[in-house]
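Student: I should like a close look at the sheet in this model. Please describe how its strands are joined and what surrounds them, and then place that part within the rest of the chain.

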Amino acid sequence: MQTALADFIRETPQGREADAILRSCVHCGFCLPACPTYQLLGDELDSPRGRIYLMKQLLEGEPVTARTQLHLDRCLTCRACESACPSGVQYGRLLDIGRSLTEARVARTLSERIERYLLRAIVPHRARVGALVALARAVRPLLPAALKRRLPPARSALAQPPAVWPAARHARRVVLLEGCVQPALAPQINAAAAQLLDRVGISVIRAGAAGCCGALSHHLSAHHEALGQLRRNVDALWPQVAAGAEAMVVAASACASMLSDYGRLLQAEPAYAARAARIGSLARDISQVLAAEAPALGAALAAAARGTPRGAQPPVRVAFQAPCSLQHALRVTGVVEPLLSAAGYTLTAVTDGQRCCGSAGTYSILQPQLAAQLLRAKVAALEAGAPDVIATANIGCLAHIRSGTRVPVRHWVELLAARVVDG
C-alpha cells in the first residue's frame, strides 16, 4: 500500500511504525472472512481492511469524524485477521495507534467518558473489583439473569481446586501474576495453577506488588496510565527475575499476551527498556509451561490415578473454547486439548473455534449488542457436542460465556487440578 503520512506524524516513532504496517498490507481480503464484526454487519468499514483504510486517511491528515471512531470502536481486537493474513500485517499495533489519535481528535459523549473512566478506575484494581463482586453477591436476587450468571457459582463437583497454595519447595521457580479480576471472580484458578506447577517440580512465587497488566487502560487509549502500570510491574517483578525465576506465568491468556509485549511498549524508556524486554521474553501462559512439562505432568496423572478406585472417575465431556488472546495473540494452539485428554476428559468438537466469544476485555460492556450476538453463536457451537462442562483459558471469556449458558464454565486448569491434585 502506498502512503503519504501527514507532517504531524511522519517522523515520530508512531508514524514510522504505522507507515511500515500500512505498507505491508496488500488489500488481499483474506482478513474479511476471519473478522467477526464483518461477518455480523457485512460492512467493509467493519473489517480489518476497511479499518486500515480509515486509519490511513487519518494518518495522511484527512479529517477524522465520529464515523471513524465508531468503526474502530467496533473492532474486538481479537487479532484473528493477523492469523489469517499472508503478509504478516500487524493490525493490532496499527489499531492502537489509530484509536489513540482518534481519541485525541473526536470528543466522546459525557456518558461514554464516564463509562470508560469507571472501567479504568475499578477494573484494574483488585480490591475495588473484590468490593464490587461482594456487593453484587449481596444484592444477587435483584440482578438481571445474565449478570447473575456472570457471578461465581457454588463450587462444582467437576472441579474442586485446593484453597491452599503450596509452599515453595523446589529449586525451579516461576512468578505467578494473579491479575486484578481473576482473584475476585475465581481465586481458585490461580491456586489450581500453583498446585499443578508444584506437582511438576516448579515452585510458584506470588507476584506481590504487581497489579493489573495494563491491558485495559492500554486498549482504552489511556496510554500514559497503562505505561505507569507497566513500570510498576517491572519494578515489582525484576527482583524475582534477578533472583533466577525462569518464567513470568499467567493463568489468564489476555494478561500473558500483554505481559509479552512489555519490551516493545517500554522500549523508548532507558530506565525500563532492558528490564521490560527481559520480563516480556519470560512471559508465559500457564498452558505453555505445563505443555513443556508434559512428562512430569503425565507421571503426576498416573500417580493420582493409582490412588483412585477403579471406576471412581466418571467420564466428563469438555468443550474447550480457545480465547483469541491465546490462539491469535500468543499463537498458542492445540496445547490445552492434549493435556485435558491425558487427564481423562473427553473433548467435544467445537465448530468455528477461531471465532471470538464477544468478551474481548471491556467489549461486552461497551458494545453489548454485538457482544451478545457473538456470544449466542459461540455458546451454540460449544453446546453442540453436549458437553458436561465448558473450559476456557481467560477469565473474561469465562465470565462472558457463563452469562449465556447453563452448562458449567471453568478454567481448564481447574479441571486438570481436579485430576492431578485430588486424584
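Tutor: In this predicted model, strands S1 (residues 172–177) and S3 (residues 248–250) run parallel and are joined by three bridges. One residue pair can be located directly: Leu177 has Val250 as its bridge partner in S3. On its other pairing, S1 is joined by five bridges to strand S2 (residues 202–206), and these two strands also run parallel. Two positions illustrate this pairing: Arg173 stands opposite Ser203 in S2, and Leu176 stands opposite Arg206 in S2.

These pairings belong to an open sheet of four strands, with the order S2-S1-S3-S4 and parallel pairing. The edges are occupied by S2 and strand S4 (283–285); each has a single partner strand, so one side of each is left without a neighbour in the sheet. From one strand to the next, the twist averages 40°. As a general point, side chains in a regular strand alternate between the two faces of the sheet.

Helices pack on this sheet. Helix H17 (residues 273–282) touches S3 and S4, and its direction makes about 25° with that of S4. Helix H15 (residues 253–260) lies across S1, S3 and S4, and runs at about 160° to S4.

H17 also has a helical partner. Helix H14 (residues 223–242) packs against H17 at an angle of about 70°, and the two axes are 10 Å apart. That angle makes H14 roughly perpendicular to H17. On the H14 side, the contact is made by Val234, Asp235, Leu237, Trp238 and Val241; H17 contributes Arg275, Ala276, Arg278, Ile279 and Leu282. Sorted by class, the contact of H14 with H17 comprises seven nonpolar and three charged residues, with no polar residue.

A further view of the sheet is given by Leu197, which is found in helix H12 (residues 188–199). Leu197 counts as buried, at 0% relative accessibility. Leaving aside residues up to four places away in sequence, Leu197 touches Val174, Ile202, Val204, Ile286, Val289 and Leu290. Among these contacts, Val174 falls within the range of S1, residues 172–177, while Ile202 and Val204 fall within that of S2, residues 202–206. Leu197 can also be set against a position elsewhere in the chain: its C-alpha atom is separated by 40 Å from that of Leu72, and the two residues are 125 residues apart along the chain.

Leu72 falls within the range of helix H5 (residues 66–73), which also holds Thr68. Thr68 is buried, with a relative accessible area of 7%. Not counting residues up to four places away in sequence, Thr68 touches Leu54 and Thr102. The loop between H5 and helix H6 (80–84) contains Thr77. Thr77 has a positive phi of about 55° although it is not a glycine. His27 likewise has a positive phi of about 55° without being a glycine, and it lies in the loop between helix H2 (13–24) and helix H3 (36–41). His27 is partly exposed, with a relative accessible area of 36%.

Two helices further along the chain show how burial is distributed there. Helix H24 (residues 395–402) is mostly covered, with seven of its eight residues buried. The buried residues of H24 are Ile395, Cys397, Leu398, Ala399, His400, Ile401 and Arg402. In helix H25 (residues 412–420), nine of the nine residues are buried, so H25 is largely enclosed by the rest of the structure. The buried residues of H25 include Trp412 and Leu415, together with Glu414 and Arg419.

Finally, the confidence of the prediction should be kept in view. The chain averages a pLDDT of 90, and 93% of the residues score at least 70. Over residues 154–162, however, the pLDDT is below 50. Beyond near neighbours in sequence, that stretch has 25 contacts in the model.

Notes:
Residues numbered from 1 in each chain as written. Predicted model: local features only at pLDDT ≥ 70, side-chain atom pairs only at ≥ 80, totals over all residues. Heavy atoms only, no water. Axes fitted to C-alpha atoms, helices over the stretch in contact; angles between N-to-C directions. Parallel < 35°, antiparallel > 145°, perpendicular 65-115°, else oblique. Contact = heavy atoms within 4.5 Å. Nonpolar A, V, L, I, M, F, W, Y, C, P; charged D, E, K, R; others polar. pLDDT = per-residue confidence, 0-100. Buried < 20%, exposed > 50% of the residue type's maximum accessible area, 1.4 Å probe, protein only. Pairing = 2+ DSSP bridges.
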